[in-house]
Each structure stands twice: as structure tokens, then as C-alpha cells.
Amino acid sequence: MKYLKRGAAILMALAIIFVSCGTTAWAQDAKAGETVTVYFSYSNTCCVDGTFSFSNSGMFSSVSYDTSGVGSGLMGSVSNNYAYFFSTGENINGQIDVVCTVSSSASAGDSCTITFNYNTSSDAGVTMVGASSSQTVTVVASEEAAPAETPAVSEAAPAESSASSSSGTSESTSKTEVTETEDIDYTELNKQISIAEGLTQSDYTNDSWEAMQEALSAAYGQQKGTSQTKVDAAASALKEAIAALVEIDYSELEAAIAAAEELRDSDELGQLWTELLSELVDAADLLTSGDQEAVDAAAASLRSLIEQIEEKMDELSETEEVVKEVEVEVLPEGRYCNIPIHKVWPILFFISLALNAFFIIMQLYVTKKKKKDEEDDTPTVEYNADDDL
């Protein structure tokens, strides 16, 4: 039983710590016309996303936010009571200070509860943990009021004095009564204002943008509104105006500019590009104009000029047709042979025949001469043996 009691006590302590981490509250006192700073801290986080709300915003003449203590690793801002800070690095400990100036017309006993409902994350926004923190600022009297002197009461008029005293007490009581104010939720209003402030005017037509700006101005006027119905109506009207924004189409104009710049890179037309460049300058100025009619007119003008230039280029690129005479070999009508070697062979045959005849003649000449040289031309002499004796 002893250990059971200890376990129950530990569980109760952990429950109290858990609840205190989810919701925290502090209280501060301030005098009329005084500036007071309340802070909301967080720890071990890389993302803070939340909204500040005020139960009695009319008690303050001004409210501002000091983000110098959010942590050097966090990036972001507080805009229209909406806070968003994030970090791509390690987890950060920090705080956001709310600087409030109490209105000089605030009465002693007036109070305003500042609540910060926010989400934090320690893993780059993957797991968000909800939390809430609030502080109440109460107006206190500047100085203790001196007791009023008791006027002399005539014995002859006790009833009058009593009636006067009763009347005075009644008036005093009515003056010290504190009127309860409605707890206004500005979350949706601040969300829509934040979305509207993140839009770019040049992306939408002028008419739809002006309508959204009117709704945004009305929403700004309800940031300290005391009627939940009016606050919700302003948030709804701004949301509808944002949804009704008409995106302006620059595609035709951009395509026309690109085509004109492509033509500009050619040097074939010379001085004609000067006129085109002038048109390009005017067209480029309209890319952020928000005037759909002017954008369409500029696109049509550029297209027309491009067509004229292309026609001129076609004229310059036309070439004269040149007729060139080419000799064509006409084939003979009869039987023929167009193989060149067949024409050489007869020539070689006759040359060979002539050489053979020449060699035959030379051979006959040599043979005849040889026979002639072999013949004995010595004359015959009669020989007598006796002559030798």
C-alpha cells in the first residue's frame, strides 16, 4: 500500500507538470497610460506557428511585438497578430515579447487577457505539438483616493441627508460597476489578412485587386473589433475577395516578346529593328500593369509588327532563278559500243601486225645476206705436180 501511494503521488505530479506545459498563465498590473511588456517563451523547437488574441483589445492604445529574443537561428515575423518562425538548423529556445500601452482612459479594474495559441515542432515541422499560454494585464489605480470630507448635516433635515447619502451610494456603485466584454476570436480574421498580404498585385487584374484591397481595409478595421459577428463577417468577406481574384494572363505577351527578340538577333533587316525595339520597351512595361486590355492590345501590335518583318525578310531572302546550260552527250542511233577498251584493241592489232611484217622482212634480209657471204669467189687454178719438183 505504501508503494501504491507513492506511485499515485508521482503520477499526480507528472499530470500537473504535463498540464502546466500545455497551458500557462501569468498576471501583471499596469496603470493607465503605462507601457507593459509580456512575454511568451518556448524551448527546444525549430518551428513556431501561432496566433495572439486579446479579450479586451480596446484597453490598449497600442500593441507591438518585439522579436529580438526569438533566437538567432529562427527566421520569420509577427504580422497582424499572427506569428510564424522556422529554422532549418538545430532546435532553439526563445521568446516573443508583446509590448502593450494601456489607454489613458482605462479605468482601475479593467483587464485584458492576452492568449498565444501556437504549435511547435522539434523536427522541421514534421510533428507539431499544440500549446497555449496567456497573460492577464489588470489596470490599477494610479494613486490612493483621499477620503472625502463629511459635510455638516443639519439636524433639521435628517431625512434629506439620508436620501442624499443613499443617492450618492447608488451613483458610486453604478460608477464602479465593471462591464464584462465579449471574448473575441480573431484567428480566422488574422489568417485571411496574412494570406492577403502575401499576394502580389501584378499577378491579378486591377479590378479584382481593388475589390480585395477594400475587403482587406475592412478587415484591418476589425482587428480590434468588439463584436464577434462583425469580426467573422470581415474575415468571410476578405476570404471571398481573395477567392474572386482574377489572375492576369501574360502568356501571349511573353510569347510575342520572345518571338520579337528572336527576330531582333538577325542583322538582315537593319534599321527596321529600331521600330521593333521601341515596341518591345512599351510591351515590357505592361508585364506588371495589371491591365488586361492594354496587355492584349500590346500583344496584338507586336504580332502585327512581327508578321510585317517576316514578310520583309521573305522578300529579301528570295533568289533569282539561274538557267545553266549543260552539255548532254547524245547517244548514236545505230549499233555502237561505248566500252573504251574495245576501241583500243583494233589499234593495237594493226600496230602488232606492222611490227610482225617488219620483223619478217628483216629476218629475210639477214638470211639472204648470210648466204651470200658464204659463197667462194676464189678463181680456179690448174695445179701441176711437176711444178713442185
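## A walk through the chain, starting at the surface

Let's begin on the outside, where Val344, Trp345, Ile347, Leu348, Ile351, Leu355, Phe358, Phe359 and Met362 make up a nonpolar surface patch with about 910 Å² of accessible area together. One of these residues, Val344, sits in helix 9, which spans residues 340-374. How exposed is Val344? Its relative accessibility is 36%, so it counts as partly exposed, given that the partly exposed class runs between 20% and 50%. Keep in mind that all of this is a predicted model.

Now zoom out to the whole chain. Its secondary structure consists of 9 helices and 9 strands. Of the 389 residues, 26% are buried. The chain exposes about 27,500 Å², and carbon and sulfur atoms account for 53% of that area. As for how the chain folds back on itself, take the contacts with a separation of 6 or more: 77% of them are between residues 24 or more positions apart.

Next, the sheets. Strands of a sheet pair through backbone hydrogen bonds, and they can do so in a parallel or an antiparallel way. Here, 3 strands make an open sheet in the order 2-7-4, with antiparallel pairing. Which strands stand at the edges? They are strand 2 (35-45) and strand 4 (60-66); each has a single partner strand, so one side of each has no neighbour in the sheet. From one strand to the next, the twist averages 15°.

You can check the register of this sheet residue by residue. Strand 2 and strand 7, the latter covering residues 92-102, are joined by 9 bridges in the antiparallel sense. If you want a single pair to click on, Tyr42 has Gly94 of strand 7 as its bridge partner.

Over on the other edge, Val63 belongs to strand 4. Its relative accessible area is 29%, so Val63 is partly exposed. Leaving out residues up to four places away in sequence, Val63 touches Phe54, Val98, Val99 and Cys100. Val63 can also be placed relative to Val36: the two are 27 residues apart in sequence, with 9.9 Å between their C-alpha atoms.

Strand 3 (residues 47-54) has another story to tell. Why call it largely enclosed by the rest of the structure? Because 7 of its 8 residues are buried. Strand 3 pairs with strand 6 (residues 82-86) over 5 bridges, in the antiparallel sense. Within that pairing, Cys47 has Phe86 of strand 6 as its bridge partner. Strand 3 also runs antiparallel to strand 8 (residues 111-121), to which 8 bridges join it. There, Gly50 is matched with Tyr118 of strand 8.

Thr51 is a good place to stop along strand 3. With a relative accessibility of 12%, Thr51 counts as buried, because the buried class takes in everything under 20%. What is Thr51 in contact with, leaving aside its neighbours within four places in sequence? The list is Asn81, Tyr82, Thr115, Phe116, Asn117, Thr187 and Asn190.

That list leads us to the loop between strand 5 (75-79) and strand 6, where Asn80 lies and where Asn81 is found as well. The backbone is worth a look at this point. Most residues other than glycine have a negative phi. Asn80, however, has a positive phi near 50°, and Asn81 has a positive phi near 70°. Are these two loop residues buried or exposed? Asn80 is buried, with a relative accessible area of 18%. Asn81 is buried too, at 11%. As noted above, Asn81 is among the contacts of Thr51, so if you are browsing torsions, the loop and strand 3 can be viewed together.

For a contrast, finish at Thr226, in the loop between helix 4 (206-221) and helix 5 (228-243). Its relative accessibility is 64%, so Thr226 counts as exposed; the exposed class is for values over 50%. How far is Thr226 from Asp185, C-alpha to C-alpha? The separation is 9.8 Å, for residues that are 41 apart along the chain.

How values were computed:
Residues are numbered from 1 along each chain as its sequence is written. This is a predicted model: local features need pLDDT of at least 70, side-chain atom pairs count only at pLDDT 80 or more; totals for chains, interfaces and linings use all residues. Side-chain values use heavy atoms; hydrogens and water are left out. Helices (H or I, at least four residues) and strands (E, at least two) are DSSP runs, numbered from the N terminus. Buried means under 20% relative accessible area, exposed over 50%, partly exposed in between (1.4 Å probe, protein chains only). Contact means heavy atoms within 4.5 Å. Accessible areas come from the Shrake-Rupley method with a 1.4 Å probe; for residues, only the protein chains shown count as cover. Two strands pair if DSSP finds at least two bridges between them. Axes are lines fitted to C-alpha atoms, for helices over the stretch in contact, and angles run from 0 to 180 degrees between N-to-C directions. Patches are made of residues with over 30% relative accessible area and no salt bridge: like charges are joined within 9 Å, nonpolar side chains (Val, Leu, Ile, Met, Phe, Trp, Tyr) within 5 Å. A salt bridge is a side-chain nitrogen of Lys or Arg within 4 Å of a carboxyl oxygen of Asp or Glu.
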